[in-house]
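Visitor: I'd like to learn how to read a protein model by eye. Could you walk me through one?

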Amino acid sequence: MATPIKRIEKDFLLKVLFDEQIPVMVLYNKSEYTVIVEKPPKQELYLRANKSISGLKVGQKLSFVFDYRGQIITFTAKVISVKEELITAEAPEFLYKNLDRSFSRVPTPADLVVRLTFHGDRYNLNFPKIQEYEQEDINIMLDHFDPKDIKQLVNQLSQWAQDNSSGYKLVMFKDNKPALLEEKIIAESGKALFIPSTQTDLPQIDPYPKKKIITEDIIKRFLESSGVDKLYVEDALARFIKAKRDAGIYSDAWVPILFQEYVIGYIHLWIEEENKPPFDFSILDTLYQFAKVLAFSLKIHGYFDNGKVKKESFQGRVVDISASGMLFAYPHSPLSASLLVDSELDVELITPKRTIKTGVKIVRRYNDASMGYFGCRFITIEPEDLRFLFEYIYGRPFTDQDASFIAGKV
């Protein structure tokens with residue numbers, strides 16, 4: 001993910017642009033330009049382009065990219081004045097590095113129309129909802145579980161739980177709304193409450209790349225948001241763990257069952273024998289596998305069918321686009337609330353000469369007062385469509401060097 005550069009480093013890099021006369025690339029209106037910083041940058045950037053930027057007007061934003069010692073840096077700046085090759089722009093608030101997209105984004109061509117449709121079935125369900133989207137990638141588990149036989153799947157879970165714990169519960173939120181503190185926090189976070197030992201603290205760090213567990217910091221924030229005074233959060237957490245010890249629980253795991261953006265229930269496992277090995281992350285991994293296959297099994301048995309949403313296309317306002325992705329905006333609404341990170345969409349990019357059908361995955365989202373903004377990465381674009389899209393938005397031929405650069409990144 002792109003990383004904002006801190007102020008001191010930002011000021012240093014802007015000064016370096018002037019001191020070392022580093023060329024900065026600008027992409028505008030399907031053309032590529034190079035600019036040099038003419039004066040030491042302060043509140044404004046004084047730039048000289050290698051040629052006049054056709055059609056550039058005051059108030060427009062330009063995207064800038066430069067290479068500093070092998071690190072690609074990017075920023076945007078609003079134009080204050082234009083006179084032939086001389087441009088004055090506002091100094092940028094942020095510079096970004098560690099870009100996770102392959103090509104720079106440019107303003108959307110005026111003749112491009114974009115239609116979007118949710119990929120696969122979507123649902124409007126009466127379950128707790130989180131701000132992430134759970135993918136249905138279960139192929140790797142089908143050698144061990146049969147989602148078509150839900151009774152056998154639950155029996156497998158029961159037998160496995162008997163071998164590895166003192167007891168277990170399988171709870172669905174359809175008829176049982178979250179009431180216990182443990183239920184409320186997993187319903188709100190979509191993460192597992194994992195307490196390997198009630199004799200020690202909660203986990204301080206989540207080791208999973210895509211975060212899965214409720215750390216001590218998360219539960220403290222939850223307690224505070226639930227009305228516990230900040231001064232007493234530590235005491236409340238200590239009492240919470242002590243209550244488990246007093247109940248004879250030595251190890252505890254509450255794993256959510258996730259379906260798309262919904263927490264539909266959970267699996268609870270615990271250990272009461274003091275001499276029994278405590279839960280480790282392998283137990284948590286297996287519980288997550290059971291939860292994922294169980295959710296898929298419920299889907300194929302029609303458990304969610306009453307909440308299925310009719311599939312319709314919609315048009316987002318595309319803010320900018322590159323050969324590897326795009327940023328679009330959509331007004332706040334129930335539809336935009338369902339556009340979550342990791343959601344996949346089917347997209348039609350309609351140009352005067354060709355319509356490109358592809359898929360995108362939402363990789364980031366943010367909001368302002370009236371709109372949601374969604375950064376997407378193309379995931380299934382045909383090579384000939386990629387070549388056409390590149391030449392259409394950048395206004396230059398797609399070279400072998402470009403093909404080599406984009407390989408493995410789109």
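Guide: Let's start with the whole chain and then go to single elements and residues.

Guide: This is a predicted model, so local features need pLDDT of at least 70 and side-chain atom pairs count only at pLDDT 80 or more, while totals for chains, interfaces and linings use all residues. Residues are numbered from 1 along each chain as its sequence is written, and side-chain values use heavy atoms, leaving out hydrogens and water.

Visitor: How many helices and strands does the protein chain have?

Guide: Helices (H or I, at least four residues) and strands (E, at least two) are DSSP runs, numbered from the N terminus. Here there are 9 helices and 21 strands. The C-alpha trace spans about 80 × 50 × 40 Å along its principal axes.

Visitor: What share of the residues counts as buried?

Guide: Buried means under 20% relative accessible area, exposed over 50%, and partly exposed in between (1.4 Å probe, protein chains only). Of the 410 residues in the protein chain, 45% are buried.

Visitor: And which contacts in the chain are between residues far apart in sequence?

Guide: Contact means heavy atoms within 4.5 Å. Among contacts with a separation of 6 or more, 66% come from residues 24 or more positions apart.

Visitor: Now a helix. What span should I expect for H5?

Guide: The rule is 1.5 Å times one less than the number of residues. H5 covers residues 233-246, 14 residues in total, and reaches 20 Å between its first and last C-alpha, close to the expected 20 Å.

Visitor: Which residues of H5 are buried?

Guide: Val-233, Ala-236, Leu-237, Phe-240, Ile-241 and Lys-244. Looking down the axis of H5, these buried residues fall within an arc of 130 degrees (taken from the directions from the helix axis to the C-beta atoms), so they line one face of the helix. On the other side of H5, Arg-239 and Asp-246 are exposed.

Visitor: What do the buried residues of H5 pack against?

Guide: Helix H3 (181-189), strand E14 (193-195), helix H4 (216-225) and strand E15 (251-271). After H5 comes Gly-248, with a positive phi near 85 degrees.

Visitor: Where do the buried residues of H2 pack?

Guide: They are Leu-153, Leu-157, Ser-158, Trp-160 and Ala-161, and they pack against strand E13 (167-172), E15 and helix H6 (281-300). Just ahead of H2 (150-164), Asp-149 sits in the loop that follows strand E12 (129-134). Asp-149 is partly exposed, at 34% relative accessible area. Its C-alpha is 7.7 Å from that of Ser-297, although the two are 148 residues apart along the chain.

Visitor: Loops next, then. Is Phe-279 buried or exposed?

Guide: Phe-279 lies in the loop between E15 and H6, and it is buried, with a relative accessible area of 5%. Beyond its neighbours within four places in sequence, its contacts include Asn-164, Phe-194, Pro-196 and Trp-270.

Visitor: Which residue in the loop between E6 and E7 should I look at?

Guide: Try Glu-84, between strand E6 (71-83) and strand E7 (86-90). Glu-84 has a positive phi of about 55 degrees although it is not a glycine, and it is exposed at 60% relative accessible area.

Visitor: What is the phi of Gln-260?

Guide: Gln-260 also is not a glycine, and its phi is positive, about 50 degrees. Gln-260 is placed in strand E15 and counts as buried, at 2% relative accessibility.
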